[in-house]
Each structure stands twice: as structure tokens, then as C-alpha cells.
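Thank you all for making time this morning. I would like to walk through one model with you, beginning at the ligand and then moving outward.

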Amino acid sequence: MTTPTFDRSIKIAPSILSADFANFGAECRAIEAQGCDWVHVDVMDGHFVPNITFGPQMCAAIRSHIKGVMDVHLMIAPADPYLEAFVKAGSDIVTIHAEAGPHLDRSLQHIRALGARAGVALNPSTPESTIEYVLDKIDLVCVMTVNPGFGGQSFLEGQVAKVRRLRAMIGERPIHIEIDGGVTPQTAPMVAAAGADVLVAGSGVFKGGSVDQPEVYGANIRAIRAAATAALSQT
Ligand code: DX5
Ligand code: ZN
């Protein structure tokens with residue numbers, strides 16, 4: 001496992017939901033070689049979200065192909081019975097959805113007790129106040145800027161106000177604000193200026209490239225990072 005150090009610099013986390021499903025090991029190595037910061041892994045159960053991806057065994061299989069942070073986003077309900085398996089699979093960060101279970105505080109304590117960093121994801125319709133009383137139990141809040149389930153959807157601009165409010169709520173606490181869905185060089189500046197530091201991008205990183213043409217991944221990563229960083233220098 002990799003222990004992430006905390007800082008608010010812009011981090012790009014490609015979502016392997018947009019990678020070649022028959023070649024995850026090589027895809028993870030390629031995006032890291034091309035300069036990504038974290039690898040984002042989208043776990044879907046066909047119940048909490050209308051799509052199915054993969055489980056803890058797949059996470060364990062790709063772990064040895066990832067040198068840095070494995071950031072696992074659980075879109076599953078219930079999540080509690082599987083937390084241990086995902087931490088044992090080598091997840092550095094395990095993010096659960098606030099909407100996925102009745103005992104958010106307990107689930108977050110469980111993730112930390114297992115030795116991973118704990119994240120909470122908020123669907124577009126979930127207000128930021130949902131996490132007001134668990135702020136001291138989280139390392140990351142993930143603002144969904146699409147309805148979870150699929151890559152390649154359009155960015156929901158109304159979520160930028162939520163990011164701004166979360167940034168104010170968090171204050172000096174060491175909590176990352178992650179954006180998930182529709183991140184491109186066009187949308188990244190809005191969320192970076194509002195206070196986000198981790199940008200998940202699936203289609204925005206993988207489009208046009210392949211493991212045989214990984215330099216396209218690098219160019220896509222640099223374009224998103226440059227757009228976000230430029231917006232920061234204007235705030
Ligand atoms: C959506 C997933 C996202 C998704 C983002 O349910 O959580 O991580 O892969 O994909 P893009 O960047 O294509 O919107
Ligand atoms: Zn995700």
C-alpha cells in the first residue's frame with residue numbers, strides 16, 4: 001500500500017473505467033508512466049448504479065501494476081460487507097457513497113480501522129451538509145459531477161457551487177476534494193478554482209490513446225493539469 005501524503009496541489013486520477021478491460025495491468029503502467037498521480041478504480045454492482053464492473057479480486061490483480069495511490073470508488077450497496085476485502089486488495093483510499101447505507105459514520109470508522117484512507121462520495125442530488133458531522137472521519141470527499149454508473153457523460157455545472165461550499169466547510173482539515181465525472185480541460189478550471197484538488201478523468205485521459213500509443217494519455221493528462229493549474233493562479 002502507498003500512504004498518500006496530503007497536499008492541495010492538482011492531482012490527476014485517470015479512471016480505468018475507460019481503459020481496455022482486457023489489459024488493465026498494462027493500462028495502469030501506461031498512465032503512471034505518462035504522469036498521472038493516482039489511479040481511480042470504479043467498482044459498480046448493478047444495484048446501487050445501473051452498471052457492473054469488477055470486484056476486490058480485480059483490484060488485487062492490478063495492485064502490483066500500480067506504484068502510486070490506488071483510489072477505489074465503491075458504487076455498491078451495501079458496502080460494509082466488502083470493505084475488508086477491498087482494503088486487503090491493496091486499496092489506499094476507499095470511498096463509499098453517502099447514499100449507499102444508513103450508518104455512514106460507522107462505515108468510515110471501519111475503513112480507517114482497516115488501515116486505509118476513508119472517502120465519501122456525494123451524488124449530484126446530495127447536499128454537502130450530509131458530511132457535516134463526519135468531517136473528522138474522512139480523508140476525501142468525492143463530488144459526483146455526473147450521475148454515477150457510466151463514463152463519458154456531461155459535466156453537471158451546478159455541482160461547482162457544492163465544491164465551493166465544501167471547500168469552506170473543510171477549512172484547514174486535511175481532506176481532499178475530488179471531482180468525478182465529465183472532467184476535461186474545459187471543465188477542470190471551474191472545479192479547481194472552486195477548491196478541488198483531485199480530478200478523476202476517464203474518457204478525458206484515455207480518449208485517442210492506447211497502450212501502444214500511451215503518449216496520447218500523457219498529452220491528455222497534461223492538458224487537464226495545465227487548465228486546472230492556470231485557473232488556480234487566477235484565484
Ligand atoms: C462514474 C465514475 C467515473 C467515470 C468518469 O460513475 O465514477 O469515475 O469513470 O468518467 P468520465 O471522466 O468519462 O466522465
Ligand atoms: Zn469514480
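**Ligand 1 and its surroundings**

A backbone N or O atom of G202 lies 2.7 Å from an oxygen atom of ligand 1, and this is a polar contact, by which I mean a pair of N or O atoms within 3.5 Å, where within protein one must be able to donate a hydrogen and the other to accept it, and residues adjacent in sequence count only if both atoms are side-chain atoms. Before going on, I should say that this is a predicted model, in which local features need pLDDT of at least 70 and side-chain atom pairs count only at pLDDT 80 or more, while totals for chains, interfaces and linings use all residues. Residues are numbered from 1 along each chain as its sequence is written, chains are lettered from A and ligands numbered from 1 in the order in which they are written, and side-chain values use heavy atoms, with hydrogens and water left out.

Next to G202 in the sequence, S203 places a polar side-chain atom 2.5 Å from an oxygen atom of ligand 1, and for H73 the distance from a side-chain N or O atom to a ligand oxygen is 3.3 Å. The protein covers 100% of the 380 Å² of accessible area that ligand 1 has on its own (Shrake-Rupley method, 1.4 Å probe; for residues, only the protein chains shown count as cover).Around ligand 1 there are 20 residues (each with a heavy atom within 4 Å), of which D42, G149, D180, G202 and S203 come nearest.

Away from the ligand, the structure holds nine salt bridges (a side-chain nitrogen of Lys or Arg within 4 Å of a carboxyl oxygen of Asp or Glu); one of them joins D197 to K11, with the closest N and O atoms 3.1 Å apart. Finally, the peptide bond between A77 and P78 is cis, with omega about -5°.
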